[in-house]
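Colleague: Got a minute to go through this model with me? I'd like to hear the reasoning behind each label.

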Amino acid sequence: MTLPSLLPDPSANTEQSRLEAAEAAVRAYCGWHIAPVITEEMILDGSGSCTLQLPSLMVKEITAAVVDGVTLDAQTLEWSKSGFVRATGRWTNRLRGVRLTVKHGFDAAPDVVEIIRSVAARAGSSPAGITREQAGQVSITYATVAPGVAGGTVLMEHERAMLEPYRLTGRL
């Protein structure tokens, strides 16, 4: 059996595909989309406690809430921009028991955009994974993401450090 490819064109190694891969790596590392502001329906596991944590660090608005099939008045929810939500009483403890419509994300994140561009550029600088080329006295050494490894959409240590303010750590 042949599995379908995740890529629209597996032979393409375009700048756009590298940017998309780098963006996906950053979003996966951070645990959420970061920017821009979007309205998203979230289906979440209930916490069984008074507080529910959303996969967001920049909540702008909660416009709808359904818990265990019962619609709540979203205006009665107490929430913080950092993604904590309280309702009257306790949240359900059911898996996928909470459905919220949330407007969230940063308006812009230029530092994150620059990290994405840097990762994509590095991935494109040596798509074959070559670390060094030499012809006579002239040599080129490519940026490496690990000892002896060039290219790829790997986040470097300094990039991970720069992304820490955007990362959902220990929350979900």
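Colleague: What makes Tyr166 count as buried or exposed?

Modeller: Keep in mind that this is a predicted model. Tyr166 has a relative accessibility of 11%, and the buried class covers anything under 20%, so Tyr166 counts as buried.

Colleague: And Trp32, buried or exposed?

Modeller: Trp32 has a relative accessible area of 5%. That is under the 20% limit, so Trp32 is buried.

Colleague: How many aromatic pairs does a search of the whole structure find?

Modeller: The search turns up 2 aromatic pairs. In one of them, Trp32 and Phe106 sit 5.9 Å apart, centre to centre, with 50° between the planes.

Colleague: Why is the pair of Trp32 and Phe106 called tilted?

Modeller: The 5.9 Å between the centres falls within the 6.5 Å allowed for a pair. Stacked would need planes under 30 degrees apart and edge-to-face over 60; at 50° the pair fits neither, so it is tilted.

Colleague: Which parts of the chain does that pair link?

Modeller: Trp32 belongs to the loop between helix H1 (15–30) and strand S1 (38–44). Phe106 belongs to the loop between strand S7 (98–104) and helix H2 (110–125), and the two residues are 74 apart.

Colleague: What kind of pair do Phe106 and Tyr166 form?

Modeller: Edge-to-face: their centres are 5.4 Å apart and the planes meet at 80°. The cut-off for that label is over 60 degrees, so the 80° of Phe106 and Tyr166 qualifies. Phe106 is in the loop between S7 and H2 while Tyr166 is in the segment after helix H3 (157–163), so this pair ties together parts 60 residues apart in sequence. Through these ring pairs, Trp32, Phe106 and Tyr166 are linked into a cluster.

Colleague: How do you know that the charged end of Arg167 sits over the ring of Tyr29?

Modeller: The charged end is 4.0 Å from the centre of the Tyr29 ring, and the rule asks for within 6 Å. The rule also wants the charge within 35 degrees of the ring normal, and Arg167 is listed as sitting over the ring.

Colleague: On to the sheet. Which are its edge strands?

Modeller: The open sheet has 4 strands in the order S1-S7-S3-S4, with antiparallel pairing. S1 and strand S4 (70–72) each pair on one side only, and that makes them the edge strands. Direction ignored, neighbouring strands of this sheet are turned by 25° against each other on average.

Colleague: What makes S3 and S4 a pair?

Modeller: Strand S3 (residues 59–67) is joined to S4 by 3 bridges, and at least two are required, so S3 and S4 pair, in antiparallel fashion. Val66 stands opposite Thr71 in S4. The two strands form a hairpin with 2 residues between them, and Asp68 in the turn has a positive phi of about 50°.

Colleague: Over how many bridges do S3 and S7 pair?

Modeller: Over 7 bridges, again antiparallel. There, Ile62 stands opposite Val102 in S7.

Colleague: Why is the contact of Arg27 and Glu23 called a salt bridge?

Modeller: The N to O distance is 2.9 Å, and the rule is within 4 Å, so Arg27 and Glu23 meet in a salt bridge. They are 4 residues apart in helix H1, so about one helical turn separates them. Arg27 has a relative accessible area of 29% and Glu23 has 28%; partly exposed runs from 20% to 50%, so both fit that class.

Colleague: How many salt bridges does the count come to?

Modeller: 8 salt bridges. Among them, Arg86 bonds with Glu78 at 3.3 Å between the closest N and O atoms, and Arg117 with Glu114 at 2.8 Å. Arg117 and Glu114 both lie in helix H2, 3 residues apart.

Colleague: Last one: how many disulfides does a search of the whole structure find?

Modeller: It finds 0 disulfides, so no pair of cysteine sulfur atoms lies within 2.5 Å. As for the cysteines, Cys30 counts as buried at 1% relative accessibility, whereas Cys50 counts as partly exposed at 37%.

Technical notes
Residues are numbered from 1 along each chain as its sequence is written. This is a predicted model: local features need pLDDT of at least 70, side-chain atom pairs count only at pLDDT 80 or more; totals for chains, interfaces and linings use all residues. Side-chain values use heavy atoms; hydrogens and water are left out. Rings of Phe, Tyr and Trp (its six-membered ring) pair if their centres lie within 6.5 Å; planes under 30 degrees apart count as stacked, over 60 as edge-to-face and the rest as tilted. Buried means under 20% relative accessible area, exposed over 50%, partly exposed in between (1.4 Å probe, protein chains only). Axes are lines fitted to C-alpha atoms, for helices over the stretch in contact, and angles run from 0 to 180 degrees between N-to-C directions. A salt bridge is a side-chain nitrogen of Lys or Arg within 4 Å of a carboxyl oxygen of Asp or Glu.
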